[in-house]
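I sat down with a coffee and this model today to look up how some of its helices pack and what lines its pockets. Here are my notes, in the order I made them.

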Amino acid sequence: MALSIALLTVSDRRSLADDPSGDALQQRLEAAGHRLQERCMVPDDRYRIRAEVSRWIADPAVQVMISSGGTGLTGRDGTPEAVAPLLDKTMDGFGELFRMLSFQSIGTSSLQSRCLAGVANGTLIFVLPGSLDAVSTAWDRLIGAQLDAETLPCNLVQLLPRLREDPGQLA
């Protein structure tokens, strides 16, 4: 099942012409048969990040949003703070699994990752570190399989039609 995916790169130093992590994500999502809905870049500014993510959350054409960058510990890193208040539900297991997988390649430096995932207005949201290794690990070992309807015993694609259910309605 082809999904519509928006990509956001958060960086003060890069441009879309010089964005290896964004390029890698785009190549992987297209190779998996998904559609790139939109791709853009914003500086490490939590309000600009939040505005862009909010726009995509409100757009019914965007089913998945993936950001890269701004998840570290420096004063300018604010992507988790920008995105977390927008989430209706979090997928805590994503960050836990990502750090476990990341530990295999970068050791204890993985504890500095503040990646996260969740759902907002029926849109799946993934917030990744900006390194090429991080986005490759996240897509190749976690996201790609969960955005594949063939992954068993379950996957996020199966849940998409139900993400906007009214919590007050009986099943």
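**Entry 1: H4 against H5.** I began with this pair, and H4 and H5 turn out to be oblique to each other, because their angle of about 125° falls outside the ranges for roughly parallel, roughly perpendicular and roughly antiparallel. This is a predicted model, so I keep in mind that the values are computed from it. The axes of H4 and H5 lie 10 Å apart, and the crossing is right-handed. On the H4 side I noted Phe94, Leu97, Phe98, Leu101, Gln104, Ser105 and Ile106 in the contact. H5 answers with Asp133, Ala134, Thr137, Ala138, Arg141, Leu142 and Ile143. Sorted by class, the residues of this contact are nine nonpolar, three polar and two charged.

**Entry 2: H1 against H5.** Next I turned to the packing of H1 on H5, where I found an angle of about 20° and axes 8 Å apart. An angle under 35 degrees counts as roughly parallel, so H1 runs roughly parallel to H5. I put this crossing down as right-handed. H1 brings Pro20, Ser21, Ala24, Leu25, Arg28 and Leu29 to the contact, while H5 brings Leu132, Val135, Ser136, Trp139 and Asp140. My class list for the contact of H1 with H5 reads seven nonpolar, two polar and two charged.

**Entry 3: the largest pocket.** Which residues lie nearest the centre of the largest pocket? I wrote down Gly69, Gly70, Pro129, Gly130 and Ser131, out of 31 lining residues. The volume of this pocket is about 600 Å³. I was pleased to meet my helices again here: H1 (20-31), H4 (92-106) and H5 (132-146) each give at least two residues to the lining, and so does strand S1 (4-10). By class, I have 16 polar, eight charged and seven nonpolar residues in this lining.

**Entry 4: the second largest pocket.** How much space lies in the second largest pocket? I found about 240 Å³. Its lining includes Asp88, Lys89, Val119, Asn121 and Gly122. From further along the chain, Leu159, Arg162, Leu163, Glu165, Asp166 and Pro167 also line this pocket. Here the classes come to five charged, four nonpolar and two polar residues.

**Entry 5: a look back.** For the bench copy, I underlined H5, which packs at about 20° with H1 and at about 125° with H4, and which also supplies residues to the lining of the largest pocket.

Definitions and conventions: Residues numbered from 1 in each chain as written. Predicted model: local features only at pLDDT ≥ 70, side-chain atom pairs only at ≥ 80, totals over all residues. Heavy atoms only, no water. 1 Å grid on protein atoms, 1.4 Å probe; cavity = no way out; pocket = protein on both sides within 12 Å on 5 of 7 lines; lining within 4 Å. Points joined across faces, edges and corners; volume = space filled by probe spheres on them. Helix = DSSP H or I, 4+ residues; strand = E, 2+ residues; numbered from the N terminus. Nonpolar A, V, L, I, M, F, W, Y, C, P; charged D, E, K, R; others polar. Axes fitted to C-alpha atoms, helices over the stretch in contact; angles between N-to-C directions. Parallel < 35°, antiparallel > 145°, perpendicular 65-115°, else oblique. Left-handed = near helix turned anticlockwise from the far one by under 90°. Contact = heavy atoms within 4.5 Å.
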